[in-house]
Amino acid sequence: MKQFFIEENEAGQRFDKYLAKLLKDAPKSFFYKMLRKKNITLNGKKADGSEKLQKGDEIRLFLSDETFEKFSGSTKTAYPEYPLDILYEDGDILLINKPAGMLSQPADGSEPSLVEYLTGYLLKNGSLTPKALKTFRPSVCNRLDRNTSGIVAAGKSLAGLQELSRLFHDRTLHKDYLCLADGVLRERNYVKGYLHKDTKCNKVIVSAEEAPGSLPIETEYTPLGNNGRLTLLKVRLITGRSHQIRAHLASMGHPIIGDGKYGRETVNKKYRDKNRLKHQLLHAYQLQFPVLSGKMAPVSGRTFTADVPELFYHILTEEHLEESYHEHLERNLGIYQNDHYCGGHRTVGKQCHTD
């Protein structure tokens with residue numbers, strides 16, 4: 001007999017959904033049959049699977065060890081370790097500064113992603129147990145392209161995942177990016193368009209007119225400075241579509257430096273040869289939370305920032321745009337009295353600011 005007690009991360013879901021995770025290799029017909037025969041019980045009573053689980057509920061499985069092992073997929077999975085740059089953590093959520101080159105979520109299973117590194121981190125520090133992992137998996141709530149760096153929000157509890165997902169869905173959590181764009185942009189602008197995905201080449205096409213299968217996009221950008229050839233931009237995503245910032249700026253004739261998919265090869269080659277730049281200079285540098293209560297009260301009204309990566313900053317310095325970067329941070333985040341230095345330049349990277 002196997003006995004389980006429902007923990008906070010497992011509460012609120014249907015009993016059959018829980019069983020589908022616990023016995024992930026079993027056909028649904030199996031555990032419905034076990035429920036009918038009272039080989040699986042809830043709080044000592046017969047159940048049909050539609051019950052909503054509560055914290056502290058007792059589940060008993062009157063199954064042989066061989067049957068349980070067969071259907072639970074109990075083979076141990078090794079989760080890789082990686083020194084995550086954690087900007088903020090509490091009992092329910094984490095904010096992580098993802099480096100360029102790392103997948104946000106698993107793709108084809110051949111390469112670890114931030115989700116696997118996060119799981120390994122939580123298992124190692126005891127925030128997550130192998131037992132809990134059977135029925136709950138931490139995950140990220142906003143995906144950044146592999147070659148985009150910056151802040152990724154993740155839920156380490158079911159409540160954290162649900163609340164973060166709601167904030168992103170409702171667009172009440174503001175996401176700001178910094179990027180280095182080709183050409184000169186001088187005026188703040190709010191641009192709209194339509195995005196259509198070409199699945200064959202994994203690219204998106206942006207147009208001014210709606211077309212079958214296209215989705216509306218809205219992007220706001222503010223120039224922070226230019227050197228006559230390049231512009232440092234702050235970009236706020238209003239809608240969050242795949243490749244939106246990269247494709248939208250490219251459609252306007254201002255692709256992001258280093259973008260191998262939407263950028264100019266002649267320009268990219270210059271930075272690849274000189275700086276060994278292998279990714280676009282696009283960085284999710286700021287998350288601004290609305291006023292919140294309950295589980296999210298610790299981040300209510302707070303703004304979190306992550307410094308641009310070292311190579312990004314080095315190129316800004318070479319292009320004489322580093323002062324535009326610092327002036328923006330000082331003007332908008334009020335960090336005059338909180339400056340510190342990292343990698344040779346001022347940073348607010350592990351700080352948060354209350355508006």
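**Exercise 1. Which side chain meets Glu-111 in a salt bridge, and at what N to O distance?** Work out where the two partners sit and how accessible they are.

*Solution.* Keep in mind that you're looking at a predicted model.

Step 1: find the partner. Glu-111 meets the side chain of Arg-146, with 2.9 Å from N to O. A salt bridge needs that pair of atoms within 4 Å, so this one qualifies at 2.9 Å.

Step 2: place both ends. Glu-111 is in the loop between β5 and α4 (114-125), and Arg-146 is in the loop between β6 (139-140) and β7 (149-155). The two are 35 residues apart, so the pair links distant parts of the chain.

Step 3: check accessibility. Glu-111 has 31% relative accessibility and therefore counts as partly exposed. Arg-146 is partly exposed too, with a relative accessible area of 33%.

**Exercise 2. Take the salt bridges Arg-229 to Glu-319 and Glu-318 to Lys-274.** Describe what each one ties together, then put them in the context of the whole structure.

*Solution.*

Step 1: start with Arg-229 and Glu-319, whose closest N and O atoms are 2.4 Å apart. Arg-229 belongs to the loop between β11 (215-226) and β12 (230-237), while Glu-319 belongs to the loop between α9 (310-318) and α10 (322-333), so the bridge ties together parts 90 residues apart in sequence.

Step 2: look at the burial of each end. Arg-229 is partly exposed at 40% relative accessibility, whereas Glu-319 is buried at 5%.

Step 3: turn to Glu-318 and Lys-274, which meet at 3.6 Å, N to O. Here the link runs between helices: Glu-318 is in α9 and Lys-274 in α8 (residues 265-275), so parts 44 residues apart in sequence are tied together. Glu-318 is partly exposed, with a relative accessible area of 30%, and Lys-274 is exposed at 55%.

Step 4: zoom out. A search of the whole structure turns up 20 salt bridges. There is also a network of them, linking Asp-145, Arg-246 and Asp-259.

**Exercise 3. Is Asp-90 buried or exposed, and how far away is the nearest side chain of opposite charge?** Then list what surrounds Asp-90.

*Solution.*

Step 1: locate Asp-90 in the loop between β4 (86-89) and β5 (93-98).

Step 2: test for a salt bridge. Asp-90 is buried, and the nearest side chain of opposite charge, Lys-156, is 6.4 Å away. The cut-off is 4 Å, and Asp-90 indeed has no salt bridge.

Step 3: see what else is there. A polar atom of the Asp-90 side chain lies 2.8 Å from the backbone nitrogen of Asp-92. Setting aside residues up to four places away in sequence, Asp-90 touches Lys-156 and Pro-298.

**Exercise 4. Where is Glu-10 found?** Give its accessibility and its contacts.

*Solution.*

Step 1: Glu-10 sits in the loop between β1 and α1 (15-22). Its relative accessibility is 2%, so it counts as buried.

Step 2: a polar atom of its side chain lies 2.9 Å from the backbone nitrogen of Glu-7.

Step 3: skip the neighbours within four places in sequence, and Glu-10 is in contact with Phe-5, Tyr-18, Leu-53 and Thr-135. Thr-135 is 125 residues away in sequence, yet the C-alpha atoms of Glu-10 and Thr-135 are 6.9 Å apart.

**Exercise 5. How many of the residues of β12 are buried?** Sort its side chains by direction and name its partner strands.

*Solution.*

Step 1: eight of the eight residues in β12 are buried.

Step 2: recall the general pattern. In a regular strand, side chains alternate between the two faces of the sheet.

Step 3: apply it. Leu-230, Leu-232, Lys-234 and Arg-236 point one way from β12, with Thr-231, Leu-233, Val-235 and Leu-237 pointing the other way.

Step 4: find the partners. β12 pairs with β8 (residues 174-182) in the antiparallel sense over seven bridges, and β11 pairs with β12 antiparallel, also over seven bridges. Val-235 makes a handy marker: Tyr-177 stands opposite it, and so does Tyr-221.

Step 5: check the turn. β11 and β12 form a hairpin with three residues between them, and Gly-228 in that turn has a positive phi of about 90°.

Note on methods
Residues are numbered from 1 along each chain as its sequence is written. This is a predicted model: local features need pLDDT of at least 70, side-chain atom pairs count only at pLDDT 80 or more; totals for chains, interfaces and linings use all residues. Side-chain values use heavy atoms; hydrogens and water are left out. Helices (H or I, at least four residues) and strands (E, at least two) are DSSP runs, numbered from the N terminus. Buried means under 20% relative accessible area, exposed over 50%, partly exposed in between (1.4 Å probe, protein chains only). Lys and Arg count as positive and Asp and Glu as negative; His and the chain ends are not counted. A polar contact is a pair of N or O atoms within 3.5 Å; within protein, one must be able to donate a hydrogen and the other to accept it, and residues adjacent in sequence count only if both atoms are side-chain atoms. Contact means heavy atoms within 4.5 Å. Two strands pair if DSSP finds at least two bridges between them.
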